[in-house]
Amino acid sequence: MERKRQTVAILGGGITGLTAAYYLMKENLPVNIVLIEQNSRLGGKIRTYQSDGFTIERGPDSFLERKDTAKKLVEDLGLEHELIRNATGQAYILSEDHLHAMPKGAVMGIPTDFDAFEETTLISDEGKELVKQELTKEKMEPKDDLSVGEFFRYRLGDEVVDKLIHPLISGIYAGDIDRLSLQATFPQYYQLEQKYGSLIEALRKTQTNKASNKPKQGQFLTLKDGLGSLVDALHDEIKPSVDVMLDTEVKSVEKNGDRYQIQLDDHKQIAVDQILSTLPFEASKKVFNKPELFGQVLEEENTSVANVAMAFPHEAIEQLPEGTGFVVSRKGDYRITACTWTHKKWPHTTPEGHLLLRAYVGKPGDEEILQKSDDEIIDIAIQDLNRVFTIKQKPNFQVVTRWENAMPQYTVGHIERVNSLEKALKEKLPGVYVAGNSYRGVGLPDCMDQAIEAVNQIKTNHY
Ligand code: FAD
């Protein structure tokens with residue numbers, strides 16, 4: 001059967017939009033592809049800065065190898081020779097001006113090796129006892145969803161949650177784990193608990209099989225010149241076949257018979273057959289102007305964070321512990337939430353003789369810090385860092401990056417709300433899809449997975 005030539009619009013040129021454009025192009029369907037991005041650059045949250053031999057990531061710095069879509073995309077683009085794995089080393093938790101070594105055998109903060117856990121100075125004897133009791137604790141009553149906090153507090157007690165699990169999870173979601181959906185973030189832990197009863201027992205069984213006989217190696221990958229080179233490669237690949245419209249804001253989308261009319265900010269309109277919106281949820285909701293369909297997938301405002309990369313000469317810091325960095329325990333008066341010794345974790349980013357620290361600020365209740373000047377943010381970060389080692393001079397240079405409303409909060413019931421939105425779109429706006437970090441995962445591979453799934457739907461709908 002002769003297939004009609006369609007036009008497909010991809011809204012947003014972050015990693016989700018770019019991945020979708022690339023794989024849709026590779027399908028060789030009779031379609032015109034238009035990618036519309038409001039900024040003058042592609043990549044969205046991916047922003048690499050290079051200067052004087054330093055490679056500084058202002059947004060994401062790497063992706064998890066285990067979720068294989070990202071590595072596969074790098075290979076499809078012929079960039080596998082540029083892949084770099086993170087160096088491993090001791091990670092710490094900062095609590096009460098002391099860096100406590102992350103207990104060995106802990107998986108996302110969940111202790112599995114009790115001998116190693118016994119040695120930690122971070123958790124009190126009572127806290128340790130509660131963890132041991134996890135082995136015999138009843139599994140939870142089955143639930144459609146619950147908060148990450150509720151689940152782990154029940155299984156392991158408050159202390160381990162506040163001091164170990166919360167800071168690690170905050171590094172990914174920058175939110176309140178007592179509101180964060182377990183199903184949308186770590187459904188595997190719920191499933192393991194339901195299957196084995198004890199989560200620790202389940203992790204011991206499932207993790208040791210995987211880890212056996214393998215030397216410990218880093219789990220994250222990046223590219224030698226930073227993730228910006230992934231964006232550049234995607235752009236180069238799609239350029240000949242995809243109409244990439246930069247500096248173009250999508251204002252609204254209207255259904256017009258079987259097609260859709262997209263209104264752009266320069267008063268231009270384009271008519272298309274299918275649309276993949278990778279805009280953040282609130283932006284999608286606004287341009288489609290159908291609040292009854294979009295509902296409130298994200299019930300809470302996205303949270304805001306900032307990071308500051310600081311380059312020092314080697315001799316500027318005294319007593320920097322061996323290792324790769326720390327996260328900060330939930331309780332306490334620190335304003336930084338984590339710090340990575342980037343020159344250790346990613347040695348290729350830093351010229352010989354220098355140190356590169358990347359500190360993070362901004363957490364629920366402390367969003368105000370983003371309104372401060374660069375100098376004030378740097379002073380706050382250095383003040384906090386000086387509580388654990390000695391920084392003798394100001395950095396040679398620094399890069400402060402604010403990410404306002406950038407971290408979507410998947411609160412309890414999130415997956416159910418995403419399912420409802422997708423169902424409503426299918427019924428009321430056929431040929432419209434949503435993907436990206438507001439929906440089914442915030443990690444780069446999760447965004448890529450969503451892009452690929454959307455391409456499959458566009459393909460199916462094309463026939
Ligand atoms: P975005 O990158 O936000 O792209 C959406 C695009 O839509 C933007 O380019 C925007 O300009 C555009 N847009 C918005 N409105 C309009 C409009 N009306 N018209 C046209 N265009 C519009 N993930 C990891 O896997 N590893 C990490 O190390 C990691 N670290 C992170 C660190 C930080 C500081 C942040 C903020 C995130 C991090 N993440 C990390 C998460 C990951 O970076 C994001 O989830 C991912 O990049 C989101 O991609 P996206 O394409 O869905 O959205």
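**Ligand shell and second largest pocket in a predicted model**

In this predicted model, residues 7-25 are 58% helix and 26% strand, and the C-alpha atoms at the two ends of the span lie 12 Å apart.

Biologist: What feature does UniProt place at residues 7-25?

Modeller: The unreviewed entry gives "transmembrane region" for residues 7-25. Such an annotation may be inferred rather than shown by experiment.

Biologist: Why is the pair formed by Thr16 and the ligand called a polar contact?

Modeller: A polar contact needs N or O atoms within 3.5 Å. A polar side-chain atom of Thr16 lies 2.7 Å from an oxygen atom of the ligand, so the pair counts. Backbone atoms also take part: a polar one of Gln38 is 3.1 Å from a ligand nitrogen, and a polar one of Asn437 is 3.1 Å from a ligand oxygen.

Biologist: How much of the ligand's accessible area does the protein cover?

Modeller: The ligand has 1000 Å² on its own, and the protein covers 89% of that.

Biologist: What makes a residue part of the shell around the ligand?

Modeller: One of its heavy atoms must lie within 4 Å of the ligand. The shell holds 31 residues, with Glu37, Lys45, Ser62, Val442 and Leu444 the closest. By class, twelve are nonpolar, 15 polar and four charged.

Biologist: Which residues are closest to the centre of the second largest pocket?

Modeller: This pocket has about 360 Å³ of space. Of its 17 lining residues, Glu422, Val432, Tyr433, Val434 and Gln457 are closest to the centre.

Biologist: Which element gives the largest share of that lining?

Modeller: The helix α16 does, with six residues.

Key. Residues numbered from 1 in each chain as written. Predicted model: local features only at pLDDT ≥ 70, side-chain atom pairs only at ≥ 80, totals over all residues. Heavy atoms only, no water. Helix = DSSP H or I, 4+ residues; strand = E, 2+ residues; numbered from the N terminus. Polar contact = N/O pair within 3.5 Å; in protein donor to acceptor, adjacent residues only side chain to side chain. Areas by Shrake-Rupley, 256 points an atom, 1.4 Å probe, with all protein chains shown as cover. Nonpolar A, V, L, I, M, F, W, Y, C, P; charged D, E, K, R; others polar. 1 Å grid on protein atoms, 1.4 Å probe; cavity = no way out; pocket = protein on both sides within 12 Å on 5 of 7 lines; lining within 4 Å. Points joined across faces, edges and corners; volume = space filled by probe spheres on them.
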